[in-house]
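Let's take a quick tour of this one. Have the sequence and the 3D view open side by side as you read.

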Amino acid sequence: MTYVICEPCISVKDTACVDVCPVDCIHQSDDKSSTQLYIDPDVCIDCGACVPACPVEAIFPVEEVPDKWKQFTAVNAQYFKK
Ligand code: SF4
């Protein structure tokens with residue numbers, strides 16, 4: 001399983017989640033055109049620590065991602081396939 005960063009992160013990119021993640025699996029692109037932060041699904045240990053840290057409630061367990069943001073599961077995973 002993994003956690004997924006969804007639409008509310010876009011243009012916010014607060015990094016509080018990065019600070020609390022125990023396995024450093026939340027990444028930010030150096031590319032300024034990148035709009036959000038991403039969680040590496042292969043490294044995430046499903047601890048949930050990032051959820052309350054996010055000021056815009058952008059992070060969900062993969063099975064609880066709202067239907068309107070389902071595409072963000074692939075968006076996060078795809079970032080790490082580059
Ligand atoms: Fe990191 Fe835990 Fe959030 Fe996964 S659930 S991204 S391991 S803080």
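What follows covers the ground rules, the ligand site, the aromatic pairs and the salt bridge.

## Ground rules

This is a predicted model, so to speak of local features pLDDT has to be at least 70, side-chain atom pairs count only at pLDDT 80 or more, and totals for chains, interfaces and linings use all residues. Residues are numbered from 1 along each chain as its sequence is written, and side-chain values use heavy atoms, with hydrogens and water left out.

## Around the ligand

Start with the ligand: 13 residues surround it, where a residue counts as near if one of its heavy atoms lies within 4 Å. The closest are Cys21, Cys44, Cys47, Gly48 and Cys50. By class, the shell splits into eleven nonpolar residues, one polar and one charged. Here Ala, Val, Leu, Ile, Met, Phe, Trp, Tyr, Cys and Pro are nonpolar, Asp, Glu, Lys and Arg are charged, and the others, Gly among them, are polar.

And where does the ligand sit? It sits in the largest cavity. A cavity is a set of points, on a 1 Å grid over the protein atoms alone, where a 1.4 Å probe fits but cannot get out; sitting in it takes more than half of the molecule's atoms within 2 Å of its grid points.

## Aromatic pairs

Searching the whole structure turns up three aromatic pairs (ring centres within 6.5 Å, using the six-membered ring of Trp; planes under 30 degrees apart are stacked, over 60 edge-to-face, the rest tilted). Tyr38 and Tyr79 make a stacked one, 4.2 Å centre to centre with 5 degrees between the planes. That pair ties together distant parts of the chain, 41 residues apart: Tyr38 is in strand β3 (residues 38–39) and Tyr79 in helix α3 (residues 71–79). Helices (H or I, at least four residues) and strands (E, at least two) are DSSP runs, numbered from the N terminus. Tyr38 is buried at 9% relative accessible area, and Tyr79 is buried at 16% (buried is under 20%, exposed over 50%, partly exposed in between, with a 1.4 Å probe and protein chains only).

Phe60 and Trp69 form a tilted pair, 6.0 Å centre to centre and 50 degrees between the planes. Phe60 is buried at 18%, and so is Trp69 at 14%. Ring pairs also link Tyr38, Tyr79 and Phe80 into a cluster.

## The salt bridge

There's one salt bridge in the structure (a side-chain nitrogen of Lys or Arg within 4 Å of a carboxyl oxygen of Asp or Glu). Asp67 pairs with Lys70, their closest N and O atoms 4.0 Å apart. Asp67 is exposed at 66% relative accessible area, while Lys70 is partly exposed at 38%.

Notes:
1 Å grid on protein atoms, 1.4 Å probe; cavity = no way out; pocket = protein on both sides within 12 Å on 5 of 7 lines; lining within 4 Å.
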